[in-house]
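Subject: Structure handover

Hi,

Here is the structure I promised to pass along. Have a look at it first, and then read on for what turned up.

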Amino acid sequence: MSKCDVAIIGAGPYGLSASAHLRTLKGLDVQTFGEPMSFWSRNMPIGMFLRSGWAASHIADPNQSLTLDAYRESSSDYFSSPVPLERFIEYGLWYQRQTVPGLDQRKIIRIEHDAMGFQLFPEEGEAVLARHVVIAVGIGSFAWRPPEFAVLPNSLATHTSEHRDFRRFAGKQVIVIGSGQSALESAALLHEDGAEVEIIARSSQIRWLGGVVSRAIHSGLGPRISKLLYAPTDVGPAVISNSELAQESFDTSRRCAMVDRAPEECAHTPRPDDYVCRPGWRANKCPAR
Ligand SMILES: Cc1cc2nc3c(=O)[nH]c(=O)nc-3n(C[C@H](O)[C@H](O)[C@H](O)COP(=O)(O)OP(=O)(O)OC[C@H]3O[C@@H](n4cnc5c(N)ncnc54)[C@H](O)[C@@H]3O)c2cc1C
């Protein structure tokens with residue numbers, strides 16, 4: 001069984017950055033696992049732009065030399081903010097090649113802890129013994145499908161993260177459930193790809209992520225106050241909602257969807273071709289046990 005001091009599970013921005021930082025510690029043997037930038041390349045829609053601004057989208061490295069600016073300078077194609085998804089994926093892979101060239105792309109399917117440390121079991125090959133483990137697996141395993149959708153087959157009601165390419169919905173009627181950024185952005189991309197889209201949301205108000213005007217106002221308040229309003233990633237200010245999902249129900253026999261509407265109103269909203277995307281994430285299980 002091979003051994004290391006620290007095993008990092010995850011090769012997205014956080015796992016790669018943690019790895020780059022830990023590798024600067026002399027004598028520390030660090031092993032990093034995971035497919036680089038896989039969540040970004042598999043579970044985010046083609047055509048997407050990053051929500052975080054330029055300054056909030058650098059992947060931190062110990063020398064502060066592997067910034068988005070450095071990547072853009074090294075690349076032949078110019079891009080600017082908002083950062084196109086494909087360019088951010090390339091940036092992450094460029095960062096990985098320089099900081100974690102020996103990345104082990106295997107998935108870890110189980111972790112056991114005993115007096116010796118942590119035993120990590122990859123999908124294939126022998127286990128690895130680590131003294132410490134850093135979990136940086138992101139939110140990909142926590143996509144949440146609310147129980148209200150159990151009456152619909154999986155092929156009809158999908159989570160936004162299941163779609164990389166919305167072109168298969170061209171010419172279809174699609175209902176997008178939710179009014180968070182993922183829902184609204186998916187609705188726009190679905191529309192651009194030729195779907196007929198309706199958004200259903202519980203909230204009476206749509207809260208857009210801070211745009212140019214909002215950012216200018218907040219930066220005018222100075223960095224201290226701005227820090228209180230915006231998360232460090234620049235995505236925010238956060239809104240916390242405690243409302244229940246019980247308001248939503250679906251009548252598949254009529255092929256219609258309703259949210260907080262009287263049953264008789266349902267008849268007025270027939271949907272011959274319903275597809276439902278409902279974004280949301282719940283960290284209620286460990287991706288590697
Ligand atoms: C539609 C959408 C848009 C977003 N836009 C932005 C944005 O603009 N800016 C921003 O900062 N954030 C954005 N986010 C949030 C972003 O996804 C996370 O903040 C970011 O990906 C977290 O990085 P990470 O390294 O923790 O995880 P991820 O990037 O999700 O990486 C997880 C890594 O873990 C690996 N992994 C998972 N399980 C295992 C396992 N069992 N064994 C081995 N490896 C494993 C994966 O292969 C992958 O390499 C967005 C999220 C969504 C859904």
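Which residue in E5 does Cys 4 stand opposite? That partner is Ala 130. Before going further, please keep in mind that this is a predicted model.

The Cys 4 pair belongs with the contact of strand E1 (residues 2–9) and strand E5 (residues 128–135), which run in the parallel sense and share 7 bridges. On the E4 side things change: strand E4 (residues 117–122) pairs with E5 in the antiparallel sense, over 3 bridges. Two residue pairs help you find your way there: Leu 120 is opposite Val 128 in E5, and Gln 119 is opposite Leu 129 in E5. E4 and E5 also make up a hairpin, with 5 residues between the two strands. If you are checking backbone angles, look at Gly 125 in that turn, where phi is positive at about 90°.

Zooming out, these strands sit in an open sheet of 5 strands, ordered E2-E1-E5-E4-E3, and the pairing is mixed. At the edges you'll find strand E2 (30–33) and strand E3 (108–114), each of which pairs on one side only. On average, neighbouring strands in this sheet are turned by 45° against each other, if direction is ignored. As general background, strands of a sheet pair through backbone hydrogen bonds, either parallel or antiparallel.

Now the ligand, which I guess is what you'll want to open next. How many residues surround it? The count is 28, and the closest are Gly 10, Gly 12, Gly 34, Phe 39 and Gly 138. Sorted by class, the shell around the ligand holds 15 nonpolar, 10 polar and 3 charged residues. Helix H1 (13–22) and helix H2 (38–42) both contribute, with at least two residues of the shell each.

One last spot is Gln 173, which lies in strand E7 (residues 173–177). Why does Gln 173 count as partly exposed? Because Gln 173 has 16 C-beta neighbours inside 10 Å, and partly exposed covers what falls between the exposed limit of 12 or fewer and the buried limit of 20 or more. Gln 173 and Leu 190 are 17 residues apart in sequence, with a C-alpha to C-alpha separation of 9.9 Å in space.

Over to you!

Cheers

Note on methods:
Residues are numbered from 1 along each chain as its sequence is written. This is a predicted model: local features need pLDDT of at least 70, side-chain atom pairs count only at pLDDT 80 or more; totals for chains, interfaces and linings use all residues. A residue is near a molecule or strand if its C-beta atom, placed from the backbone, lies within 6 Å of it. Helices (H or I, at least four residues) and strands (E, at least two) are DSSP runs, numbered from the N terminus. Ala, Val, Leu, Ile, Met, Phe, Trp, Tyr, Cys and Pro count as nonpolar, Asp, Glu, Lys and Arg as charged, and the others, Gly among them, as polar. Two strands pair if DSSP finds at least two bridges between them. Axes are lines fitted to C-alpha atoms, for helices over the stretch in contact, and angles run from 0 to 180 degrees between N-to-C directions.
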